[in-house]
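Thanks, everyone, for making the time. I would like to walk you through one model this morning, starting from a single side chain and working outwards, so please have the sequence and the structure in view.

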Amino acid sequence: MPTKERLAEFIATVERNEHVEAIERFYAPHASMQENNAPPRVGRDVLIAHEAAALARLSKMDTQPAVMVLHDGDNVVIQWVFLMTNKSGETLRFEELTHQVWEGDRIVRERFFYDSRQFG
């Protein structure tokens, strides 16, 4: 179970747009991430590579302050809003809920819930 301080540190890291660093510092080596109902990606190195590739497709990522955070034992739910600017200069507002399962001070499983129609 993450402490309030550890969770606040994770959220602050993401809000500083340090997405790859957040995975490096806060995810277990065997962690998984899942987009809606897609098959999960497994392994911290895989998660890091996927995040770095996604960010490389953008010219700018602006993470808004967490809208809502629910913390109950090992379970954390965060409502995020991201402003993602593509290489053409167009900015997309993307909103999601993420459910995280923590073991100690590391995330072991994360699932994102969002409306894929946000992508057009």
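Which residues does E96 touch, if we do not count those up to four places away in sequence? The contacts are I78, Q79, W80, F82, F112, F113 and Y114. Before going further I should say that this is a predicted model, and everything I describe today is computed from it.

E96 itself lies in strand β6, which covers residues 91–103. What I would like you to notice is that E96 is buried and yet has no salt bridge, the nearest side chain of opposite charge being R41, at 8.6 Å. A salt bridge here requires the nitrogen and the carboxyl oxygen to be within 4 Å, so R41, at 8.6 Å, does not qualify as a partner for E96.

Where, then, does E96 sit in relation to the largest pocket? The lining of that pocket is made up of 26 residues, and E96 is among the closest to its centre, together with E35, E51, A54 and M61. The space in the pocket comes to about 610 Å³, and the elements that give two or more residues to its lining are α1, α2, β1, α3, β3, β5, β6 and β7.

Staying in strand β6, let me turn to T98. T98 counts as buried because its relative accessible area is 1%. Leaving out residues up to four places away in sequence, T98 touches V76, V77, I78, W80, E110, R111 and F112. For a sense of scale, T98 and T85 are 13 residues apart in sequence, and their C-alpha atoms are 21 Å apart in space.

W80, which is in contact with E96 and also with T98, brings us to the largest nonpolar core. This core has 25 residues, and those touching the most other members are F10, Y27, W80, F82 and W102. At least two residues of the core come from each of α1, α2, β1, α3, β3, β5, β6 and β7, with β5 giving the most, namely 5 residues. If we look at W102 and set aside its neighbours within four places in sequence, we find it in contact with P2, R6, L7, F10, F26, D74, V76, I107 and V108.

Let me come back to charge, since E96 lacks a salt bridge. In general, side chains of opposite charge can pair when their charged atoms come close. How many salt bridges does a search of the whole structure find? The search finds 6, and I will show you three of them.

One is between R25 and E9, whose closest N and O atoms are 2.3 Å apart. This pair links distant parts of the chain, with R25 in helix α2 (residues 19–26) and E9 in helix α1 (residues 4–15), 16 residues apart. R25 is partly exposed because its relative accessibility is 32%, and E9 is likewise partly exposed, at 32%.

Another joins the side chains of R93 and E95, at 3.1 Å from N to O. Here R93 is partly exposed at 49% relative accessibility, and E95 is partly exposed at 27%.

The third that I will mention is between D105 and R106, with the closest N and O atoms 4.0 Å apart. D105 is partly exposed, with a relative accessible area of 40%, as is R106, at 29%.

To close where we began: E96 is the buried side chain without a salt bridge that I asked you to notice, and it is among the residues closest to the centre of the largest pocket.

How values were computed. Residues numbered from 1 in each chain as written. Predicted model: local features only at pLDDT ≥ 70, side-chain atom pairs only at ≥ 80, totals over all residues. Heavy atoms only, no water. Helix = DSSP H or I, 4+ residues; strand = E, 2+ residues; numbered from the N terminus. Buried < 20%, exposed > 50% of the residue type's maximum accessible area, 1.4 Å probe, protein only. Lys, Arg positive; Asp, Glu negative; His and termini not counted. Contact = heavy atoms within 4.5 Å. Core = buried A, V, L, I, M, F, W, Y, C linked by side-chain atoms within 4.5 Å. 1 Å grid on protein atoms, 1.4 Å probe; cavity = no way out; pocket = protein on both sides within 12 Å on 5 of 7 lines; lining within 4 Å. Points joined across faces, edges and corners; volume = space filled by probe spheres on them.
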